[in-house]
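Me: I'm new to this one, and I'd like to know what stands behind the labels people put on it. Can we go through a few?

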Amino acid sequence: MRVAVLGGGLQGCCAALAMADRGAHVTIFDRNNSLLTRAGAANEGKIHLGYMYAGDRSLKTARTMMTGALSFEPFLKRHLGSASPALRTSAPATYVIHRDAQQPADEIAAYLGTVHRLIAEQAANDPSAYFGMDLTAPPRRLSAAERAAGFDPELAVDAYQTAEVAIDPMVVGEAVRACIADHPRIDTRLGCEVLDARDEADQMTVIGRDGSGAVAEPFDQVVNALWCGRLALNETVGLETGRAWVHRLKYGVSFRFPEGAERPPSATFILGPFGEVVSYGEGLTYLTWYPACVRAISRDLAPPQWATYPDDPLRSEVLEGTLMAMKEIVPALRGLDPAALPEATVKGGVIVAWGATDIYDPGSELHRRYEIGVTSRGRFHSVDPGKLTMAPYFAEQCADRVLGRA
């Protein structure tokens, strides 16, 4: 069977690996000149266990995320090998309840406890599935002294240490690119923009455009794993969106801490338009703060081709605004001067989600991420991963669907 995968981000690459390992011959189309260079490489790499989504009282998002999280590392290990640097993780995240959280602190704390019990139940069958982390211990509440040592206690009204970690998406991208390049049943069509996928009698034809002109190539099945262009392509084959959606351009800041300097703990600030700190190995740190880092919103089917790496003055605005906001709550950042971080990287990507309002609205659909997954129409399959966490899980589901096992 010949399968076209449209989109060379993490979801597309994982789907290609899952299907190729089951015998399909896969071709990945991507308009960029390299795989995994845009949204999939421009985020913090958190592998969500569900703690983030206290805004979804149904717990459906938490259950979805923990299912994906427990599938993530086993998938990468199977395809990249157990010694791959892609499996290295950040320091575990402390969930910090912000003074201006959209829910009372005691309600958020109760939510964290409930999510932990669900995680422990799901992880019981394979306790080492989440990067070998022990998921049996509940989130540990920091003492007042611990909280004051790591955060401004006026802004951080409570804090809980969890086992949740992140991977470095740049390192993962490098490893997955090498794996794809070495796979005998996967080809790539890079620098090729996909325009349409047509159902023609007994085949699907992928229509595109590359540097040489028009492209038209037949396949048995097509998987739409595009990120910011997925909804527009869905419409061309009759998979109408039928509801409100929003594309948000969000940036983050990465840099290496000066040698010998005290590094901040990995921390996620909840619940609302806040941000996080991720401390990886070798001094690499990632910061994002929602008000400073979200720079554009589009409700078009296909958003503009926003820059992954912005030029000045936007780069400096994001860097300085993020550091200024984060310094208020994280003391370890207060000694940093943006001008002294010339190698700091500002990178961003599109966040695609259902909803008509932004995350500032406590009732926004952006607080819920469970209406995602694989949708099919004949030989055309569209995959909405929702979050990076879900890519391997939905890759296997997609392979089941395409190869007739579901």
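Reply: Sure, let's start with a pair of charged side chains. Arg141 and Asp158 form a salt bridge, their closest N and O atoms being 3.0 Å apart. One thing to know early: this is a predicted model, where local features need pLDDT of at least 70 and side-chain atom pairs count only at pLDDT 80 or more, while totals for chains, interfaces and linings use all residues. Residues are numbered from 1 along each chain as its sequence is written, and side-chain values use heavy atoms, with hydrogens and water left out.

Me: What makes Arg141 and Asp158 a salt bridge?

Reply: The term asks for a side-chain nitrogen of Lys or Arg within 4 Å of a carboxyl oxygen of Asp or Glu. Arg141 and Asp158 have their closest N and O atoms 3.0 Å apart, so the label fits.

Me: Which parts does the pair of Arg141 and Asp158 tie together?

Reply: Arg141 lies in strand 4 (residues 140-141) and Asp158 in strand 5 (residues 156-161), so parts 17 residues apart in sequence are tied together. Strands here are DSSP runs of E with at least two residues, and helices are runs of H or I with at least four, numbered from the N terminus.

Me: Why is Arg141 called exposed and Asp158 buried?

Reply: Buried means under 20% relative accessible area, exposed means over 50%, and partly exposed is in between (1.4 Å probe, protein chains only). Arg141 has 53%, so it counts as exposed, and Asp158 has 6%, so it counts as buried.

Me: And Glu276 with Lys46, how do you know that they form a salt bridge?

Reply: Their closest N and O atoms are 3.1 Å apart, which means they meet the cut-off. Glu276 lies in strand 13 (residues 275-279) and Lys46 in the loop between strand 2 (25-30) and helix 2, so the pair links parts 230 residues apart in sequence. Glu276 is buried because its relative accessibility is 5%, and Lys46 is buried because its relative accessible area is 4%.

Me: What makes Asp100 partly exposed?

Reply: Asp100 has 46% relative accessibility, so it falls in the in-between class. Arg99 has 47%, so it counts as partly exposed too. The side chains of Asp100 and Arg99 meet in a salt bridge (3.7 Å, N to O).

Me: Last one: why is Thr64 called buried?

Reply: Thr64 has 18% relative accessibility, so it counts as buried. Its place is in helix 2 (residues 60-80).
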